[in-house]
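Here are some notes on the model, set out as numbered points. Please read them with the structure open.

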Amino acid sequence: MSERKAYPTFIAKFKADYIVYVPDLDAYTQGTGMENAIDMARDIIGLTCVDWETAGKKIPEASDYEQAIEKAKRNTDDFDYTTGILTLVDVDIEAFRKKVMNQSVKKNCTIPYWLSVKADEAGVNFSKVLQEALCQKLKL
């Protein structure tokens, strides 16, 4: 089941970039253009919600426009986010979680030189072998 959330988000031009503020999550990011700023807003919303769920924190409901403006005005930063546009940015939290959890991470491991040479000669895919071995070890 999809858990789509849409949060009011301020996007304001600042010098060459766009500053992004999501008041309900008190989350900030920036983008190099409007499209990139929206993508970055989606990422910060997704990451924040996934982090909060993982930590057992309650994800807040989205404010309406008036509430979002009030929250932004109470922000103590030197920048007035309300000078930008206020739009809704939506994220499918469950899909975002799957995307984040399925990302590859680089791990460094050490093996004897002679074993490395033999494996290279045999065309062994180290990542695949390590994944298979870990799945077997963890009974996944």
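**Notes on the predicted model**

1. The buried residues of helix α1 are covered by elements that include β1, β2, β3, β4 and α3 (93–101). The model is a predicted one. The residues of α1 that are buried are Ala37, Ala41, Ile44, Ile45, Gly46, Thr48, Cys49, Val50 and Trp52. An α-helix has 3.6 residues a turn, so residues three or four places apart point the same way.

2. Does the length of α1 fit a helix of its residue count, or what span should one expect? With 21 residues at 1.5 Å a residue, α1 should span 30 Å, and its end C-alpha atoms are indeed 30 Å apart, so the two values agree. After α1 comes Gly56, which has a positive phi near 80°.3. The sheet is open and has four strands in the order β3-β2-β1-β4, paired antiparallel. Its edge strands are β3 and β4 (85–92), each of which pairs on one side only. From one strand to the next, the twist averages 35°. Helix α1 (residues 34–54) packs on this sheet and touches β1 (4–14), β2, β3 and β4, and its direction makes about 150° with that of β3. Helix α2 (residues 65–74) lies across β1, β2 and β4, and runs at about 110° to β4.

4. The pairing of β2 with β3 can be followed residue by residue. These two strands run antiparallel and are joined by five bridges. Val20 has Thr29 in β3 as its bridge partner, and Tyr21 stands opposite Tyr28 in β3. The hairpin formed by β2 and β3 has four residues between the strands, and Asp26 in this hairpin takes a positive phi near 50°.

5. Which side chains of β3 are buried, and which are not? The side chains alternate along the strand: Ala27, Thr29 and Gly31 point to one face and are buried, whereas Tyr28 and Gln30 point to the other face and are not buried. Thr29, the bridge partner of Val20, is thus on the buried face of β3. Tyr28, which has Tyr21 opposite, is on the other face.

6. Asp24 deserves a separate look. Asp24 is found in the loop between β2 (17–22) and β3 (27–31). Is Asp24 buried or exposed? Its relative accessible area is 9%, and the cut-off for buried is under 20%, so Asp24 counts as buried. Leaving aside residues up to four places away in sequence, Asp24 touches Tyr7, Pro8, Pro60, Glu61, Ala62, Ser63 and Lys71. Two of these contacts can be given in more detail: the side chain of Asp24 makes a polar contact with the side chain of Ser63 at 2.3 Å, and another with the side chain of Lys71 at 2.6 Å.

7. The contact between Asp24 and Lys71 is also a salt bridge, with the closest N and O atoms 2.6 Å apart. This pair links distant parts of the chain, since Lys71 is in helix α2 and Asp24 is in the loop between β2 and β3, 47 residues apart. The two partners differ in exposure: Lys71 is partly exposed at 27% relative accessibility, while Asp24 is buried at 9%. Side chains of opposite charge can pair when their charged atoms come close.

8. How many salt bridges does the model have? The count comes to six salt bridges. One of them is formed by Asp90 and Arg4, whose closest N and O atoms are 2.8 Å apart. This pair too links distant parts of the chain, with Asp90 in strand β4 and Arg4 in strand β1, 86 residues apart. Asp90 is partly exposed, with a relative accessible area of 27%.

9. Another salt bridge joins Glu132 to Lys128, with the closest N and O atoms 4.0 Å apart. Because Glu132 and Lys128 are four residues apart in helix α5 (residues 126–137), about one helical turn separates them. Glu132 is partly exposed at 46% relative accessibility, and Lys128 is partly exposed at 48%. Elsewhere, salt bridges that share partners join Arg4, Arg42 and Asp90 into one network.

Methods:
Residues are numbered from 1 along each chain as its sequence is written. This is a predicted model: local features need pLDDT of at least 70, side-chain atom pairs count only at pLDDT 80 or more; totals for chains, interfaces and linings use all residues. Side-chain values use heavy atoms; hydrogens and water are left out. Buried means under 20% relative accessible area, exposed over 50%, partly exposed in between (1.4 Å probe, protein chains only). A polar contact is a pair of N or O atoms within 3.5 Å; within protein, one must be able to donate a hydrogen and the other to accept it, and residues adjacent in sequence count only if both atoms are side-chain atoms. Contact means heavy atoms within 4.5 Å. Two strands pair if DSSP finds at least two bridges between them. Axes are lines fitted to C-alpha atoms, for helices over the stretch in contact, and angles run from 0 to 180 degrees between N-to-C directions. The expected span of a helix is 1.5 Å times one less than its number of residues. A salt bridge is a side-chain nitrogen of Lys or Arg within 4 Å of a carboxyl oxygen of Asp or Glu.
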